[in-house]
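The following exercises concern the structure shown below. Each task is followed by a solution that proceeds step by step.

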Amino acid sequence: MSNLYSPPPLSPNADALDPGFLAAVASGAARLLPDQALDLFRRSPLATLGRYADARCRGMHGDTFRTFVIDRNINYTNVCNAKCTFCAFRRDGHEADAYTLEYETLLQKVGELSAIGGTQILMQGGMNPELPFDWYLDLLHEIKSRYPHIHVHGFSPPEFIEFVHFFNPPGKDLAEKIRWVMVRLRDAGLDSVPGGGGEIFSNPVRRKIGLGKCDAEAWLTVMYVAHSLGMFTSATMMFGHIEGYADRVHHMMLVREWQDRALRDFGGTLQAPNSSINAEAPHIATKYAGGWRREQRRKTSSGGGHYKAFISWPFQRENTPLGRVKDWGINPGELEAEFPGDVLARAFNWGANPEPDYKALPGAEEFGRRVRMSGSTDYLRTQALSRLMLDNIYSIGSSWVTMGPHIGQVALSYGANDMGSVMMEENVVSSAGTTYCLDEAVLCRLIRGGGFVPAQRDNVYDILKVHSGADAPDLAVTDWSTHRARKMVQQAPREKKVTLQVQVKPRSELAPVR
C-alpha cells in the first residue's frame with residue numbers, strides 16, 4: 001500500500017524550550033523526542049505549555065468548533081479475573097453485588113440511548129471466564145438487529161487478550177489468534193475498539209498496579225490487529241499514582257510509534273472524513289448529513305485503521321487498594337528527595353532497560369509504596385504535553401468526568417478539541433472516586449463559554465449537528481437550576497443479573513421524616 005503519511009522530522013539538538021522549536025512542533029513541522037518532551041513537561045511554565053498545545057489543536061481543528069458525543073457506557077459484567085490495585089469495580093463472582101447483565105437489561109439501556117438521539121455505546125466489562133464466546137456474538141447480533149444505527153465501540157485490549165486465553169482460537173502467534181476473535185466479533189456487529197486498560201505501559205509500573213492484566217506489547221498488538229481490519233480505535237492513559245513523569249512520556253511515545261506503524265502500513269489519514277466543516281460556516285454541516293458522509297466513511301474505513309483519539313485522566317483513589325498507599329511527602333524530608341517512580345523511570349530508560357530492580361536501586365526502595373496524586377495543574381500539563389507529543393493522533397479528549405466540568409472547560413485551551421460524552425451511565429471510574437454527570441445543555445454551555453461553537457459528533461469525528469442557533473440545547477435553557485452538574489450515579493445492578501432502578505424524587509414529593 002502506498003505511503004500516505006510521513007512523520008515530522010526530529011531535531012535532536014534543539015532545546016525543548018526554544019520558542020522557534022516549539023513553534024515548529026505546534027505547526028506540525030517538528031517532532032518532540034522523549035527527552036525533549038520530559039524536559040518540556042518539567043521546565044515549561046504551565047501557560048506556555050498550554051499556549052503551544054492550543055496552537056497545535058487550532059492548527060488541526062480550526063478555531064470554531066469543539067465536539068462532544070452522546071453515548072452510554074455499558075459495563076456488562078463486573079466479574080473479572082484481573083486484580084488491578086487501582087480498580088474498585090471488579091468482583092470475583094461470588095459476592096452479592098457481582099453481576100452479569102441479562103440481554104434484555106442491556107438492550108433496554110441501548111434503547112434508552114437511542115431515544116435521546118445517542119449514536120454510540122461504549123461497552124466494556126470485567127474479564128469474566130464464565131461467559132462463552134457465543135454470549136458475545138449473540139449479544140452483538142441482538143444489538144445490531146434492534147438498533148442498527150447505534151455504533152458499538154466495545155471490548156478493550158485486555159478483554160481481547162482474555163478472549164484468546166478463554167476460547168483458545170487457532171493461530172500461530174498472538175496476532176493471528178486476536179484476529180480470529182476480532183473478525184468474528186466484527187462480523188457480529190462490533191464497529192470499533194476502545195482504549196481501555198491502557199493505564200501506564202512501563203513494565204515495572206504495570207506489573208505493580210495491573211495484576212493479571214496484559215502487558216503493553218499485547219495491548220498494542222490488539223490495536224494493531226484492529227487497525228489492520230480498518231477499525232478506528234482510541235488510546236488512553238491513567239496517571240498520577242506510582243509512575244514517574246518519564247513513564248507518562250514513554251506511554252505517549254509507544255502510542256505514537258504504533259500509530260506511525262499503522263499509518264504507514266495501512267495508509268490511513270489523520271483527518272476526520274468531514275473535517276473540512278471546521279473551516280466552513282455552521283450551516284454547511286447539514287449539507288454533509290446524508291450520502292456524502294456515508295460514502296466518505298466507507299472510503300476511510302475500507303483501510304487505514306488507526307487511533308482516532310487519546311484521552312488521559314488522573315487515578316481516582318477512593319475504594320481502591322492502591323488508594324490506601326501513603327502519599328509521597330507524608331514523612332519528613334520525603335519531598336526533598338526524588339520521587340521513587342521518577343528514579344525507576346530513569347533506570348527504565350524509555351524501555352531500553354525493561355526490568356530494572358527497584359529494590360537494589362538507590363532512591364527507588366519505596367516504589368509502589370508511595371503515590372503522587374495528580375491535581376488540576378498536573379492534569380492540564382499532562383494533557384497539553386500529549387497534544388504536542390502525539391502529532392499523529394487526531395483528537396485529544398478533555399477528562400471532565402474525573403476533573404470536573406470547569407477544569408474540563410479549561411482543558412479546551414490546553415490542547416483538547418473534544419469534551420467526550422454526555423454520559424447516561426458510567427460504573428468503573430465512578431466506583432473509585434468522584435465523577436461528574438453533565439447533560440447536553442451544560443456540556444454545550446461549557447464549550448461555548450470556552451470560546452467555541454459546540455458540535456455533536458460520532459465515533460469517527462463526523463460532525464452530526466452544529467449547535468449555533470437559538471434552538472441549541474444551552475441557548476434554549478431559561479432555568480439553569482435544573483441543569484446543575486451531578487455526581488455520577490452507578491447503574492450497575494447490586495445483585496447478580498438484577499438491575500437496580502434508582503429514582504430521585506423532587507423534594508416536594510418526599511414523605512416527611514417521622
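**Exercise 1.** In this predicted model, determine whether glutamate 176 is buried, partly exposed or exposed, and identify its partner in a salt bridge.

*Solution.*
Step 1. The relative accessibility of glutamate 176 is 34%. Buried means under 20% and exposed means over 50%, with partly exposed in between. Glutamate 176 therefore counts as partly exposed.
Step 2. The salt-bridge partner of glutamate 176 is lysine 172, and their closest N and O atoms are 2.5 Å apart. A salt bridge requires the nitrogen to be within 4 Å of the oxygen.
Step 3. Lysine 172 has a relative accessible area of 69%, so this residue is exposed.
Step 4. The general principle is that side chains of opposite charge can pair when their charged atoms come close.

**Exercise 2.** Describe the salt bridge between glutamate 199 and lysine 213, and state where each residue lies in the chain.

*Solution.*
Step 1. The closest N and O atoms of glutamate 199 and lysine 213 are 2.9 Å apart.
Step 2. Glutamate 199 belongs to the loop between helix H7 (174–188) and helix H8 (203–209), whereas lysine 213 belongs to the loop between strand S6 (210–211) and helix H9 (216–228). The two residues are 14 residues apart, and the pair links distant parts of the chain.
Step 3. Glutamate 199 has a relative accessibility of 7%, so this residue counts as buried.

**Exercise 3.** Which helix holds both arginine 261 and aspartate 265, and how are their side chains joined?

*Solution.*
Step 1. Both residues lie in helix H10 (residues 245–266). They are four residues apart, which is about one turn of the helix.
Step 2. Their side chains meet in a salt bridge, with a distance of 3.9 Å from N to O.
Step 3. Arginine 261 has a relative accessible area of 30% and is partly exposed; aspartate 265, at 29% relative accessibility, also counts as partly exposed.
Step 4. Elsewhere, Arg31, Arg256, Asp260 and Asp391 are joined into one network by salt bridges that share partners. A search of the whole structure finds 28 salt bridges.

**Exercise 4.** Establish the strand order of the open sheet that contains S2, S4 and S5, and explain why S2 and S5 stand at its edges.

*Solution.*
Step 1. The order of the three strands is S2-S4-S5, and the pairing is parallel.
Step 2. Strand S2 (71–75) and strand S5 (151–154) each have a single partner strand, so one side of each is left without a neighbour in the sheet. These two strands therefore stand at the edges.
Step 3. From one strand to the next, the twist averages 20°.
Step 4. S2 and strand S4 (residues 120–124) are joined by five bridges. Asparagine 75 stands opposite glutamine 124 in S4.

**Exercise 5.** Is strand S7 mostly covered or mostly open, and which strand is joined to S7 by seven bridges?

*Solution.*
Step 1. Strand S7 (residues 233–239) is mostly covered, as seven of its seven residues are buried.
Step 2. In a regular strand the side chains alternate between the two faces of the sheet.
Step 3. On one side of S7 are Thr233, Ala235, Met237 and Phe239, and on the other are Ser234, Thr236 and Met238; both faces are covered.
Step 4. The seven bridges connect S7 to strand S8 (residues 307–314), and the two strands run parallel. Alanine 235 has phenylalanine 310 in S8 as its bridge partner.

Conventions:
Residues are numbered from 1 along each chain as its sequence is written. This is a predicted model: local features need pLDDT of at least 70, side-chain atom pairs count only at pLDDT 80 or more; totals for chains, interfaces and linings use all residues. Side-chain values use heavy atoms; hydrogens and water are left out. Two strands pair if DSSP finds at least two bridges between them. Axes are lines fitted to C-alpha atoms, for helices over the stretch in contact, and angles run from 0 to 180 degrees between N-to-C directions. Buried means under 20% relative accessible area, exposed over 50%, partly exposed in between (1.4 Å probe, protein chains only).
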